[in-house]
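Hi everyone, thanks for coming. Please have a look at the screen, and I'll walk you through what I found interesting.

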Amino acid sequence: MQSTIVNVTNLSKSFGKESVLHNIDFEIHRGDFVAIKGPSGSGKSTLLSIIGLLENYSSGKVSLFGDDVSTFSEQKKSTFRNKKIGWIFQNFNLIGDMTISDNITLPLKYAKSKNDTKIIVSKALENVGLAAKANSYPAQLSGGQQQRVAIARALITSPDLILADEPTGSLDSANGEKVMSLLRELNKQGKTVLMITHDDEIAQQANRIITITDGCVQKQ
């Protein structure tokens, strides 16, 4: 029996009088690689932020790993994000005046890890092919390299769920394919990946596609 990681039931979200998500229903199981595809303004980024505990919702229910997130305090949300969820952002979100190694170390500091962070970070950089860039700064790296750093940072706490927000949106096609290859490999290793994209070719690389238009699920 498959273990359910994400369960979204009758989810709606409004900003004031403007409704951006309408009665969304879907499940994501352990080991899935799911793409949420839709045009700009379709609500997919808002949906990902809700699942990633960065935004609240107006009605319905969201469960992560069997827990109803509406019962979470802000502190529990923060702890849950750090331990269970790895975020990959379109614009990398690296801190410019920190080395690559220090950027990757941040989640471990928030988690107050007692493990040898140098060994963990070294292994993380090796896994994304950037072992030689530990002491570099983000501005010294290409966009593709920065996104691989962001992936290493997302994985540093060994999260069960990876959320990727347009992971290739700021990259050229060659670097985009490198990032997608890395995400596919992580999925083969057992990681659950939920990705949003407006690009049909990128979405086709996932194992399942959920299509959203005007805040409604059209197909899954």
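By class, the lining of the largest pocket has ten nonpolar, six polar and two charged residues. Here Ala, Val, Leu, Ile, Met, Phe, Trp, Tyr, Cys and Pro count as nonpolar, Asp, Glu, Lys and Arg as charged, and the others, Gly among them, as polar. A pocket is defined on a 1 Å grid over the protein atoms alone, as an open set of points where a 1.4 Å probe fits, with protein on both sides within 12 Å along at least five of seven lines; lining residues have an atom within 4 Å of a point.

Before going on, a word about the source: this is a predicted model, where local features need pLDDT of at least 70 and side-chain atom pairs count only at pLDDT 80 or more, while totals for chains, interfaces and linings use all residues. Residues are numbered from 1 along each chain as its sequence is written, and side-chain values use heavy atoms, with hydrogens and water left out.

Back to our pocket. Which residues lie nearest its centre? They are Trp87, Phe89, Pro107, Tyr110 and Arg153, out of 18 that line the largest pocket. H2, E6, H3 and H5 each supply at least two lining residues, and H3 gives the largest share, with four. Those labels are DSSP runs numbered from the N terminus: helices are H or I with at least four residues, strands are E with at least two. The volume of this pocket is about 460 Å³, that is, the space filled by probe spheres set on the grid points, which are joined across faces, edges and corners.

Now find helix H4, residues 117-127. Val121, Ala124 and Leu125 are buried there. Those three sit on the same side of H4, because they cover an arc of only 95° around the axis. The arc is that of the directions from the helix axis to the C-beta atoms. Why might that happen in a helix? An α-helix has 3.6 residues a turn, so residues three or four places apart point the same way. Buried means under 20% relative accessible area, exposed over 50%, and partly exposed in between, with a 1.4 Å probe and protein chains only. On the face of H4 turned away from the buried side, you can spot the exposed residues Ile119 and Glu126.

What do the buried residues of H4 pack against? Helix H3 (100-110) and helix H5 (143-155). After H4 comes Gly129, with a positive phi near 75°.

Next, the inside. The largest nonpolar core has 34 residues, and Ile104 and Ile151 have the most contacts inside it. Such a core is a set of buried Ala, Val, Leu, Ile, Met, Phe, Trp, Tyr and Cys residues joined through side-chain atoms within 4.5 Å. Another core, of 31 residues, lies apart from it; Ile28, Ile36, Ile50 and Tyr57 are among its members. Leaving aside neighbours within four places in sequence, Ile151 is in contact (heavy atoms within 4.5 Å) with Ile88, Val128, Val179, Leu182 and Leu186.

Finally, two residues other than glycine with positive phi. Asn10 has a phi near 50° and sits in strand E1, residues 4-15. Asn10 counts as partly exposed, because its relative accessibility is 40%. Ser158 has a phi near 55° and is found in the loop between H5 and E7. At 52% relative accessibility, Ser158 counts as exposed.

That's my tour, so over to you!
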